[in-house]
Amino acid sequence: MDKIPATRPTLRLRSVFISDVHLGFKGCRAEFLLNFLRRVECQQIYLVGDIIDMWSLTRSFYWPQAHNDVIRTILGKAKHGTRVIYVPGNHDRPFRDHDGLVLGNVEIHREVVHETADGRRFLVLHGDEFDAIVRASPLLESLGSTAYSAALRLNRYVNAVRRLFGYPYFSVAAFLKHKVKNAVKYIANFERALAVEARRRGVDGVICGHIHRAEISDIDGITYCNDGDWVESCTALVEDFQGRLSLLRWTETIDVLVGTQALPLLDGAVALETAA
Ligand SMILES: [Mn+2]
C-alpha cells in the first residue's frame, strides 16, 4: 500500500492547506494523504472543508483503517504543537454550528484570515457559500479530458446500437463537450466570485477548496488559491517560511520527482505553481 519509503526527509513548511478529503467516501485517497501528513512538519494546518463526508456516511457507512489513521495523525499533530484550524465545508456542515469551539486541540472556525510570513492576508473558507451566486453544478467539473476521450470511445458503441434500432446519429462527445464548456464557465465564475469577495473584505487573496481543482492565480490583483482535493488530484497548498505559496501534487508520479530533487522542497519540480 505504502509504496514510498519512510526514509525520505521531512518537509518543513510554515503552513499546509488541505480540503475535500472526503473521509468516509470510497473515493478518498487516504493512503496518499497519510503519506503526505507523515512526511510534513509545519506550524499550522488548515483543514479547508469536506474533510469528513457526512453525506456519504449517511448513505452507506464506510470507514476503513486508513481513514481513521488520517484523523489520528491530524489529532496527533495538534497535540504536539501544530496549530490545526478546521474550516468546515458543505459535506461536513454540522461542524459549522460550532464556530470558535476547540475540539481535541483543533480550532473550528466558520472562516478565518491567514497571514503569510510576508504579511499578506488571505480569507480562508471552503467555497460552497458561492454556489448560489455561481448557479451551476460543480459536478460538471468531474468531466475532465479523460472522461472526454472515454466518451469518444463510447460514442462508437452508442451509435452502433442506435443504428441497429433505426435511431439517427447522436454525438455523445458533443453532448459532453457542451457539459465541459459549462464546467469551464462554472470554474471561472466560481474563481471570480471568490476574488470579488476577497476584495470586498479588503484582503490580498482567498484560499478555498470545494471545486476539486487546485490552482493559484491572479484575478485582478487578488491571489486566488484553491488547494484541490484528495479524491482525484491529491493536492495541497503549502506556504514556506518566506511566505511563498505553492501547490504540491502528492501521487506516485510526482513523488518520483520529489525523490530525485534536493530537499527541502518547493523547487520548480515539485511546486506545480508558485505565486509571487
Ligand atoms: Mn465542498
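**Group meeting: core, sheet and two contrasting residues**

Let me begin with the largest nonpolar core, which has 61 residues, and among these Val16, Leu47, Val48, Val206, Ile207 and Ala236 touch the most other members. By nonpolar core I mean a set of buried Ala, Val, Leu, Ile, Met, Phe, Trp, Tyr and Cys residues joined through C-beta atoms within 7 Å; buried means that 20 or more other C-beta atoms lie within 10 Å of a residue's own, exposed means 12 or fewer, and partly exposed covers what is in between, with C-beta atoms placed from the backbone. The element that gives the most to this core is H6, with 6 residues.

I should say early that this is a predicted model, in which local features need pLDDT of at least 70 and side-chain atom pairs count only at pLDDT 80 or more, while totals for chains, interfaces and linings use all residues. Residues are numbered from 1 along each chain as its sequence is written.

The chain contains 7 helices and 13 strands, taken as DSSP runs numbered from the N terminus, with helices being H or I of at least four residues and strands being E of at least two. Of its 276 residues, 38% are buried.

Turning to the sheet, we have an open arrangement of 5 strands in the order S6-S7-S8-S10-S9, with mixed pairing, where two strands pair if DSSP finds at least two bridges between them. Strands S6 (112-115) and S9 (215-219) stand at the edges, and because each has a single partner strand, one side of each is left without a neighbour in the sheet. Strand S8 (205-208) pairs with strand S10 (222-226) in the parallel sense, over 4 bridges, and cysteine 208 stands opposite asparagine 226 in S10.

Now to individual residues, where contact means that the C-beta atoms of two residues, placed from the backbone, lie within 7 Å. Leaving out residues up to four places away in sequence, valine 16 touches Val40, Cys42, Ile45, Ala236 and Val238. Arginine 14, in strand S1 (11-18), counts as partly exposed because it has 17 C-beta neighbours inside 10 Å. With the same exclusion of residues up to four places away, arginine 14 touches Cys42, Gln43, Ala117, Glu239, Asp240 and Phe241, and its C-alpha atom is separated by 7.6 Å from that of valine 238, 224 residues apart along the chain.

Finally, phenylalanine 170 sits in the loop between helix H5 (145-164) and helix H6 (172-201), and it is exposed because 11 other C-beta atoms lie within 10 Å.
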